[in-house]
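Work through the exercises below on aromatic contacts. Each task is followed by a solution in steps.

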Amino acid sequence: MLLFFYNILLPFALLFSFPFYLRRMIKRGGYARNFSQRFGRYSKDLLDRFAVGGWTWIRAVSVGEIVMALRLIEELKKRSPEFKAVISTTTSTGYALGQQRRADREWIEVIYNPIDFYPIVSACWKQILPRETILIDSDLWPSFLAVAKAHRTPVYLANARLSPRSEERYTKLPRITRTLFWRNLTNLFAQDQVDAERWKRLGVPADRIAVTGSMKYDTEDSVSSIDFRFKAWLQKHGVNIERPILLGGSLHPGEEDLLLSAFRLLLAEFPQLFLILVPRHVERTAEIVQLLRTRNIQFTLRSDPDFQKDPSVLLVNSTGELRDWYSTATVVVVGKSFYGVGGQNPAEPLLANKPVVVGPHMENFQYIVDELRKAGGIIQLHSADALVPTLADLLRNPAAAASVVSRASKAMAQHRGAIGRTATIILERQGG
C-alpha cells in the first residue's frame with residue numbers, strides 16, 4: 001500500500017520538478033544527452049547488448065560514486081573474468097565520467113538512472129535483466145528495491161554510510177523505511193562499526209550487515225591508481241613542478257575569492273607559489289573568470305592553456321579530473337567547507353598523500369574528519385581567518401606537512417582493503 005501511494009504521488013512531484021530539470025539541461029549542457037534513458041528508452045544497440053544477459057546493475061549517483069563503482073567493478077572483474085556491469089548514474093557529470101572511463105571495455109555499459117516510477121523501473125528491469133544489483137552509498141529508491149524483490153534479484157548496499165541526521169530522519173518513519181527499504185536489502189556493507197550500529201537501530205537485520213570499511217578511503221590500490229599526467233602537463237606548459245602549488249578542490253561560491261585573497265598574501269613569503277582552482281561545478285567558469293579579471297590576476301584555463309604571460313593561477317574548467325589534479329599539489333584546501341554546508345569528500349587528496357585543510361563545515365563527512373583530527377591527519381579550521389597562517393606553516397615546513405600525511409595514512413588504515421572485502425562477499429553470495 002505504501003508503495004502504491006508513493007507511485008501515485010511521484011508523477012505530481014516529477015511534474016513540479018520538471019522546470020528545475022529543464023533549467024539544468026540548458027545551464028549545464030550535455031544534460032539532455034540520452035535523457036530518454038531516464039524513462040527506460042534505450043538505443044537498439046544497447047538493447048542488443050543487454051539481451052546477452054548476465055549483467056550486474058550498479059547504481060551510482062554522481063562523480064564520487066562513479067569512481068567508487070569503477071574501482072569495485074575492476075576488482076570484481078579481476079576475480080571473476082566473466083563479470084560485466086551496467087553502471088547507471090543520475091548526473092550528467094557522472095555520466096560523462098563513466099563514458100570516459102568505459103573506453104574500450106566491452107564489459108561495461110553506462111546509462112542514466114531511470115525515474116523511480118514502478119512501471120518505468122519494471123520496464124528497464126525486463127530489458128537489462130540483472131542477475132544482481134549493487135547500490136553505492138545510500139542510493140535507496142522504493143520502486144527500484146520493490147522491482148528487485150519481485151524478480152528475486154539480490155541487492156547489495158555498498159559503502160553504506162548513515163549520518164546521525166539521516167538516522168534521526170529515518171527513525172521518525174520506522175514502518176515506512178522498513179517496508180520500503182530495509183526488508184529488500186540482501187546485504188549491507190557498513191563503513192565502520194558506528195554506522196553498523198545505526199543501521200541495526202533502524203531495523204536492518206544484523207546478519208545482513210558486514211563491516212567492510214569505506215571504499216572511499218580504501219588506500220589498497222591508491223598509489224597504482226593515481227595518474228600523474230597533470231604533473232607532466234604542467235611541465236610541458238612551462239610550469240616548474242618544483243614550485244609550491246596550492247590547490248583548492250570542489251570549490252563553491254565564495255571559496256575562489258577566499259583562496260585568491262590567501263594567495264595574494266602568501267606571495268609575499270612564497271613568490272613562486274602557483275594556485276590551481278577547481279570549482280565543483282564547471283558551469284561556474286564564467287563567474288570565476290570575471291572574478292579573476294576584476295582582481296587583475298593573470299590566469300589561464302585548463303581548456304585553453306596560455307602560459308605566455310606567465311600566469312600564476314590555473315582554472316580547471318573540466319570534469320572528472322580532480323582526483324588526478326590532486327597529485328600536483330603541495331597543499332590542498334577542500335571546498336564547500338568554508339562557504340556552504342556539508343563539505344566535500346577529503347578522501348581523494350588524502351589518497352594522493354597530500355596535507356589537507358578543511359573549513360568548519362564538514363558535516364557530511366564528520367565521522368572520518370573526527371577520526372582524522374584525533375590522529376592529527378587533517379587540519380580543520382574554525383574560521384577562514386586562520387587559513388593564511390595555516391597554509392604558510394605547511395608551505396614553509398615540509399616535514400610538518402609530511403607528518404600530517406603520515407598520520408592520515410595510519411588513521412585510514414582501517415579502511416584499507418574495503419573494496420576487496422566487499423567484492424569477496426558479493427562473489428561468495430553468487431557462489432552460494
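A residue counts as buried when its relative accessible area is under 20%. The model is predicted.

**Exercise 1.** Classify the pair formed by W57 and F144, and decide whether W57 is buried or exposed.

Solution.
1. The structure holds 14 aromatic pairs. In one of them, the ring centres of W57 and F144 are 5.0 Å apart, with 85° between the planes.
2. Planes over 60 degrees apart count as edge-to-face, so the pair of W57 and F144 is edge-to-face.
3. W57 belongs to strand β1 (residues 56–60) and F144 to helix α6 (residues 142–150), so the pair ties together parts 87 residues apart in sequence.
4. W57 has a relative accessible area of 0% and is therefore buried. F144, at 1%, is buried as well.

**Exercise 2.** Classify the pair formed by Y170 and F181, then place both residues in the chain.

Solution.
1. The centres of the Y170 and F181 rings lie 6.1 Å apart and their planes meet at 70°, so this pair is edge-to-face.
2. Y170 is in helix α7 (residues 164–171), while F181 is in the loop between α8 (174–180) and β6 (187–190); they are eleven residues apart.
3. Y170 is buried at 15% relative accessible area, and F181 is buried at 10%.

**Exercise 3.** Which charged ends sit over the rings of W55 and Y170?

Solution.
1. Over the ring of W55 sits the charged end of K84, 4.8 Å from the ring centre.
2. Over the ring of Y170 sits the charged end of R169, 5.8 Å from the ring centre.

Definitions and conventions: Residues are numbered from 1 along each chain as its sequence is written. This is a predicted model: local features need pLDDT of at least 70, side-chain atom pairs count only at pLDDT 80 or more; totals for chains, interfaces and linings use all residues. Side-chain values use heavy atoms; hydrogens and water are left out. Rings of Phe, Tyr and Trp (its six-membered ring) pair if their centres lie within 6.5 Å; planes under 30 degrees apart count as stacked, over 60 as edge-to-face and the rest as tilted. Helices (H or I, at least four residues) and strands (E, at least two) are DSSP runs, numbered from the N terminus. Buried means under 20% relative accessible area, exposed over 50%, partly exposed in between (1.4 Å probe, protein chains only). A charge sits over a ring if NZ of Lys or CZ of Arg is within 6 Å of the ring centre and within 35 degrees of the ring normal.
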